Amino acid sequence: MNVQRGLKGVIAAETSIAEVDGSNGRLIYRGYEIRNIATGNSFEEIAHLLWFGELPSGEQFEKFKSTFASYRNLSPTMEKVLSVLPDEMDMMSVVRTVISSAGDRSMSWKPTIEEAMKLTAVVPTIIAYRKRSLEGGKIISPRLDLTHVENYLYMLNGIEASAEQIRALETYMILTMEHGMNASTFSARVTASTESDLVSAVTSAIGTMKGPLHGGAPSEVIALLNELSEVEDKKNYLRDKIVAGEKLMGFGHRVYKTHDPRSLALKETLSGLVGKDRWLDLALEVESTAIDVLEELKHGRGLYTNVEFYAAAIMKAINMDSSLFTPTFTASRMVGWSAHVLEQAEDNVIFRPLSRYVGK
């Protein structure tokens, strides 16, 4: 029996949630091409799609949005846990610990969509409370009249964000909600397969996302943009870097062998903001220049921008600290993780792969 290290290429489950087609550069949520729904729908609408399997109607959506927003406040237990965590604890560890404290006797097998909504709604609140607490700022309570992404930015900064900032971050968070059987999603489904509760499953996923090989922040892309912001002749500068053997961060993807569809959707959103933010303008210029140089020097390799490239530009444009990149990614991926746990529960078989003994 052959060993598939890392289970690469092994089909471990069937799903109707999402399809990642790396060869053709396609990402599909519940039958919808991601580029067709990422820019014209809200975070709440796409969360509804992933949880319920369909986009909501008008009246249905208003009820769902109101219910989802009502779960944003921290429970007394979560507030108490947050208050005693040491300052040196990183944000991902904070999110993992506070979410795990939501586990009580009401959370049991089988998981429910209501539980998924509660856990997803509260993650931005955890992040914002922690950030403002560390900075010595006033803790800002959630506003139920704002959308999920509007409220997140409001709680982080204390002021309402611009429409451009909201749309850019919302598009990013929609595009990162779900991405097939990745490492964190797999860990969530493995935990759920033991008939553990949803809190335990998403806590497993958050711990997996914390690893730099999976949820790593696009800080290297920001470093590249900072570097190029002071350069006049960007084309020759990038050419020299590539010839010297340096890797251009934000270009290429281990799954997508052509354009990353998430990157294309983000670019489409940002193209409408040209002239309104210098970092977004710079990102568009760098992408165009870098792709030309990569095609010239690495012809046929298909090295295009990935979602992290434009994520970095968005985070820079909204002044989000790099320590919040992976937590924000986590806040959006909570939808996908919980959708997979719900699906696992519908036709559950415990994951129990074999190992080959090679010791004495």
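In which helix is the place of E308? E308 sits in helix α16, which covers residues 307-317. Keep in mind as you look around that this is a predicted model.

**Around E308**

E308 is a good place to begin, since the unreviewed UniProt entry puts the feature "active site" at H253 and E308. With a relative accessibility of 18%, E308 counts as buried, because buried means under 20%. One of the residues in contact with E308 is Y172. Setting aside neighbours within four places in sequence, Y172 also contacts L266, V307, A311, I314, M315, T328 and F329. Y172 has a role in the core as well: the largest nonpolar core has 107 residues, and Y29, W51, L169 and Y172 touch the most other members.

**A second buried glutamate**

Now turn to E170, which lies in helix α8 (residues 163-175). Is E170 buried or exposed? Its relative accessibility is 6%, so E170 counts as buried. Beyond its neighbours within four places in sequence, E170 is in contact with S42, F43, E44 and V149. Here are the two glutamates together:

| Residue | Helix | Relative accessibility |
|---|---|---|
| E308 | α16 (residues 307-317) | 18% |
| E170 | α8 (residues 163-175) | 6% |

**Where α2 meets α6**

F43, a contact of E170, also takes part in a helix pairing. Helix α2 (residues 43-52) and helix α6 (residues 113-134) have axes that come within 11 Å and cross at roughly 145°. This crossing is right-handed. On the α2 side, the residues involved are F43, W51 and F52, and they meet I113, A116, M117 and T120 of α6. By type, the contact is made up of six nonpolar residues, one polar and no charged. W51 also appears among the core members that touch the most others.

**A mostly covered helix**

Finally, have a look at helix α9 (residues 183-193). How many of the 11 residues of α9 are buried? Eight are, leaving this helix mostly covered. The buried residues are S184, T185, S187, A188, R189, T191, A192 and S193. Their cover includes α10 (198-209), α11 (212-215) and α17 (325-346). Just past the end of α9 comes E195, whose phi is positive, at about 65°.

Methods:
Residues numbered from 1 in each chain as written. Predicted model: local features only at pLDDT ≥ 70, side-chain atom pairs only at ≥ 80, totals over all residues. Heavy atoms only, no water. Core = buried A, V, L, I, M, F, W, Y, C linked by side-chain atoms within 4.5 Å. Buried < 20%, exposed > 50% of the residue type's maximum accessible area, 1.4 Å probe, protein only. Contact = heavy atoms within 4.5 Å. UniProt positions renumbered as here; feature names shortened; annotations may be inferred. Helix = DSSP H or I, 4+ residues; strand = E, 2+ residues; numbered from the N terminus. Axes fitted to C-alpha atoms, helices over the stretch in contact; angles between N-to-C directions. Left-handed = near helix turned anticlockwise from the far one by under 90°. Nonpolar A, V, L, I, M, F, W, Y, C, P; charged D, E, K, R; others polar.
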